[in-house]
Each structure stands twice: as structure tokens, then as C-alpha cells.
Amino acid sequence: MSSVRQAVAAVVDPEIRVVTIDDLGILRSVQEDPDTGRVVVTITPTYTGCPAMEVIRADIRRALAAVGHPDAEVRTVHSPAWSTDWISDAGRAKLAAAGIAPPAPVRRDGVVPLTLAVRCPRCGSPETEQLSRFGSTACKALWRCRSCSEPFDHVKAL
Amino acid sequence: MKGSFAFTLALGDDALIAAQRLAEWTTRAPEMEEDIALANIALDQLGAARLLLSYAGELEGAGRDEDALAYLRDDREFRNCLLVELPNGDFAVTMAKLLVLAAYQVPLYTALADSSDERLAAIGGKARKESAYHLDHASLWVRRLGDGTEESHRRMQAGIDQIWPYADELFVAWPDAPVDPATLRAAFDETVTTVLTEATLTVPEAGWSPTGGRDGLHTEHLSYLLAEMQVLHRAHPGARW
């Protein structure tokens, strides 16, 4: 991996700061023009209204400026639409370690994801229940563990 | 107006006005979870509105961006359906509105995802996932209230009866649009009839069906909504956070 790509891939998500934009699958590509050396980064939002996108763009430009590319361009694409299936295994492990239950795989035969048992990220119990279908960010719902009683965030399968 | 510009503008206006109305619930919803839910749904609608209005501005080619379209048009220039500008009413009315809106937006965005227009296809492919969650949410509430107590049933039925006439406007034929809304009516009817039946509610009889939003002829409610939404931008042109 080039140092340019490494710099971009290390940008953390401003709302879930334990994972990077690469872990989440928000980062789609990093290209360097072989002639001009200009870097073009392509990203995609998790949700259309995600308010973190502006900060992510600024953070990418700042990270690239620090490695000698102050004129980088950040493009936003919407197709193919982001899916939680793009969150890497490393990203899922980091979410779980931070007390955020990672999403289940998305069922492919319909637009509405199938709800599978969500394991408590703290004690591992499958005895959990949904408290709120929406959470602190667009991509999460609020759950509670019936075994250890802890509430926790769950990234909704999308 | 050119077909795809007018259509993209209408869809963008639907989403924008729905977002503004839903956001009025913030800090006023019946419970904390619902406060968060309605704000999140409003945010999804706003996200779709920004993409649609930005693209509409490009299609028009007159140099108007999303902000110019959202903040610098008067009521007669808005093309949203009447449904989304109606006052929120009680929680049951809001859920009736959300059920009708989402049951229309899901097949609309799904059809748009297969459109030959790449930009609209990308927006449709993205927004349909979010709308499916809105539909799920509204359906849960309509079932819970309809099949709840005598009082919740009465108010949910009243909400449906009040909103129902405004559904027809969503499906008025628009043959030269990228997706003709008339083709979405069967899917809408099936979804809504299933939910209302499960909720022990009665599907209202067809009757009075007001239209005009797509031609810029709105209810008096839109002007008040726009006054609140646009005042800052108009009082301080070019203001930045």
C-alpha cells in the first residue's frame, strides 16, 4: 500500500472514532495521477444525510496535505450504494471492542434487511432486545442486553 | 420545464418539505426514542433532497445550486405534493403521512434505481434502502396504534381518513417522467392495504382527491413552512456557519 493511500486509509470516522473510513468501506479509491501527481480520493456516504461527510472530506484533505499533497481532490459517489457488508473484519472487531455490536450480513433477496439475533458486545449473550430503532447516529440503533442489562449501540444492517 | 428537470425537482421538493415538517417534532415527540427516530428520518429525507435538488439544478442549467432552489424560491415555484406540506397533526396523523409517503417512495426509488439516467439511478439505489426502513417504522406504529386501545384505534383511523385523499396526487400519470408515478399505484395499494388490514383499520373509500402541488398550487400551509425554513438564508444572504 502506498504512503498516500495509507495516509487516507488512516482517517478516522468522526462519529465512531474507533474505526477508520477504510474499515467502514466509506473509502472507495485513492488514485494518483502519474503525470501531475495530483491525488483523487473517492468516498461514499453511509446514509444520504450523514452529517459527517463534510468533516471526513476536510480530514482527508488535511491528511494528504501532511504527506505533500495539498491539492488533493475528494469526490463523492453514491453508486453502488454503501452496504454494511463493506465493513471489514478488522472494522467489525474494532466496533465490538468499543461496545458497538457490528451488523449482521444483509439478506440479498429484499430491500429490508433480515433481523438476526444481535449479540451483546460486552458479555456475548444473544439474549438482547431493541430499545430504539434509531440511535445516536444515522447508522445505529439502540439495544439492551437482557443478561448483563447493559444498553449498547448496534450498527443496523443496510 | 423539461421532463427530467421537473421530475427531479418534484422529488427533491417532496423530500425537502417532508424533512422540514418531520424536524418540527424534534424535542416534541411522545417519547425519547421517537424523537430520535423522527429526526433521523428527517435527516434521510434531507440527504435525498440535497442530492435531488443539486441534480435538478444541473439539469436546469441556469446556475442554481441546492441552496438557491431550497431557499430562494417562493411557494408557487415549489413542486412538492400537498401531502408533505400538511401540518403534522397528532402523532397518528404524522404516522399516517409517513406510511403513505414511504409506501410511495419505496417503489419510486426502486424503479428509479433501474433508470437509464445514471445519476437518478444512483440516488434511487441509495434512498430506497432508507425509505424501506421508514416504511417499516411507520408500519409498526400504524399496527400498534390501530390494533391498540379503543382510543388509539379511533385516532389512527382518523389520521388515515384525514391523509387518504392526498395519496391520489402522488400517482397522477406523468408519461414523460423517468418513472411514471401511475405505474407505482398497485404496489402502493398492496403495501398500505396489508398494513391497514393488520392494524384492524378500514381503507377509506375513494373520494375527494386534491391535487395542484406538482403545478405549484399549494395549501396555505406551505408558505408558513417556507417562511421559517428560508428566513435565515434570505435575511443574511451568503451567511456561513
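At which residue does α6(B) bend, and by about how many degrees?

**Figure 1. Helix α6 of chain B in the predicted model.** α6(B) bends by about 30° at Arg128(B), the bend being the angle between axes fitted to the seven residues ending there and the seven starting there. Helices (H or I, at least four residues) and strands (E, at least two) are DSSP runs, numbered from the N terminus. Because 1.5 Å is expected for each residue after the first, the 29 residues of this helix (118-146) should span 42 Å, and the 41 Å between its end C-alpha atoms agrees. Of these 29 residues, 21 are buried (20 or more other C-beta atoms within 10 Å of the residue's own, with C-beta atoms placed from the backbone).

**Figure 2. The two domains of chain A.** An automatic or database assignment gives domain 1 (3-76) and domain 2 (98-155). Seven residues of domain 1 and five of domain 2 make the contact (C-beta atoms, placed from the backbone, within 7 Å). The C-alpha centres of the two domains are 28 Å apart.

**Figure 3. Contact of chain A with chain B.** Here 15 residues of chain A meet 23 residues of chain B. The chain A side has eight nonpolar, six polar and one charged residues; Ala, Val, Leu, Ile, Met, Phe, Trp, Tyr, Cys and Pro count as nonpolar, Asp, Glu, Lys and Arg as charged, and the others, Gly among them, as polar.

Residues are numbered from 1 along each chain as its sequence is written, and chains are lettered from A and ligands numbered from 1 in written order. In this predicted model, local features need pLDDT of at least 70 and side-chain atom pairs count only at pLDDT 80 or more, while totals for chains, interfaces and linings use all residues.

Key: Two residues are in contact if their C-beta atoms, placed from the backbone, lie within 7 Å. A residue is buried if 20 or more other C-beta atoms lie within 10 Å of its own, exposed if 12 or fewer, and partly exposed in between; C-beta atoms are placed from the backbone.
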